[in-house]
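Me: Could you take me through one part of this model slowly, namely the place where its elements pack against one another? I would like to follow each step of the reasoning.

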Amino acid sequence: MQEDPLFEEYVAERVDGLLRYGYVLTGNPHDAADLVQEALVRLRGSWSRVRRKNALDGYVRTTMTRLHINSWRRRRREHITATPPDSAYEDAPYEGSGLWRTLSKLRGDLPEIVENMGYVT
């Protein structure tokens, strides 16, 4: 690729703002730098096709957002395995909590509460 002074000028002017935006997306300065670098590589690859050079910030930020979402989806994807886990997960019982005792007391009054609300059971 040929060097383009407009691209280099854009990068020099806007890299700090793009790094801040990348930090907002990732919460990590190293991941933000990687995100900016990847977005600028993609911008450079499509530089000749970009028609509105005065609207580059929106283009780059959209690219950064989509790249971040894609990397987030890859990390969050469920991994299916051939063997099930060794043991089943059992939730802790709530019987001892104050909330459970309060809800147990309300259960006796529930038909009366529903009736007072105008519903027929």
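Reply: A word is needed before the first step: angles under 35 degrees count as roughly parallel, those over 145 as roughly antiparallel, those from 65 to 115 as roughly perpendicular, and the rest as oblique. Please also keep in mind throughout that this is a predicted model.

The setting comes first. The protein chain has 4 helices and 0 strands, and from the N terminus on its elements run α-α-α-α. Of its 121 residues, 18% count as buried, while the chain exposes about 10300 Å², of which carbon and sulfur atoms supply 53%. Among the contacts between residues at least 6 apart in sequence, 59% join residues at least 24 apart. The part examined here is formed by helices 1, 2 and 3, and I will take their pairings in turn.

Let us begin with helix 1, which covers residues 5–26, and helix 2, which covers residues 29–45; their axes come within 8 Å and cross at roughly 140°. That angle falls in none of the named ranges, and helix 1 and helix 2 are therefore oblique to each other. Their crossing is right-handed. On the helix 1 side, the contact is made by Phe7, Tyr10, Val11, Val15, Leu18, Leu19, Gly22, Tyr23, Leu25 and Thr26, and on the helix 2 side by Pro29, Asp31, Ala32, Ala33, Leu35, Val36, Leu40, Leu43 and Arg44. Sorted by class, the residues of this contact between helix 1 and helix 2 are 15 nonpolar, 2 polar and 2 charged.

One of the residues that helix 2 brings to this contact with helix 1 is Asp31, and its place is indeed in helix 2. Asp31 has a relative accessible area of 39%, and it therefore counts as partly exposed, the class between under 20% for buried and over 50% for exposed. Asp31 and Leu19 are 12 residues apart in sequence, and their C-alpha atoms are 9.6 Å apart in space.

The next pairing is that of helix 2 with helix 3, which covers residues 56–76. Helix 2 and helix 3 pack at an angle of about 125°, with their axes 9 Å apart, and the reasoning used above applies again: helix 2 and helix 3 are therefore oblique to each other. The crossing of helix 2 and helix 3 is right-handed. Here Leu35, Val36, Glu38, Ala39, Arg42 and Leu43 in helix 2 meet Leu56, Tyr59, Val60, Thr63, Met64, Leu67 and His68 in helix 3. By class, the contact of helix 2 with helix 3 divides into 9 nonpolar, 2 polar and 2 charged residues.

Thr63, one of the helix 3 residues just named, has a relative accessibility of 15%, and because this is under 20%, Thr63 counts as buried. Leaving aside residues up to four places away in sequence, Thr63 touches Ala39 and Arg42.

The remaining pairing in this part is that of helix 1 with helix 3, which pack at an angle of about 35° with their axes 11 Å apart. Their crossing is right-handed. The contact joins Tyr10, Arg14, Gly17, Leu18, Tyr21, Gly22, Leu25 and Thr26 of helix 1 to Leu56, Asp57, Val60, Arg61, Met64, Thr65 and His68 of helix 3. The residues of this contact between helix 1 and helix 3 are 7 nonpolar, 5 polar and 3 charged.

Met64 ties these pairings together. Met64 is found in helix 3, and at 0% relative accessibility it counts as buried. Met64 takes part in the contact of helix 3 with helix 2 and also in that of helix 3 with helix 1. Apart from residues up to four places away in sequence, Met64 touches Leu18, Tyr21, Gly22, Leu25, Leu35, Val36 and Ala39. Met64 and Glu38 are 26 residues apart in sequence, yet 8.0 Å apart in space, C-alpha to C-alpha.

For contrast, consider Ser48, which lies in the loop between helix 2 and helix 3. Ser48 has a relative accessibility of 70%, and because this is over 50%, Ser48 counts as exposed. The C-alpha atoms of Ser48 and Asp4 are separated by 10.0 Å, although the two residues stand 44 residues apart along the chain.

Notes. Residues numbered from 1 in each chain as written. Predicted model: local features only at pLDDT ≥ 70, side-chain atom pairs only at ≥ 80, totals over all residues. Heavy atoms only, no water. Axes fitted to C-alpha atoms, helices over the stretch in contact; angles between N-to-C directions. Helix = DSSP H or I, 4+ residues; strand = E, 2+ residues; numbered from the N terminus. Left-handed = near helix turned anticlockwise from the far one by under 90°. Contact = heavy atoms within 4.5 Å. Nonpolar A, V, L, I, M, F, W, Y, C, P; charged D, E, K, R; others polar. Buried < 20%, exposed > 50% of the residue type's maximum accessible area, 1.4 Å probe, protein only. Areas by Shrake-Rupley, 256 points an atom, 1.4 Å probe, with all protein chains shown as cover.
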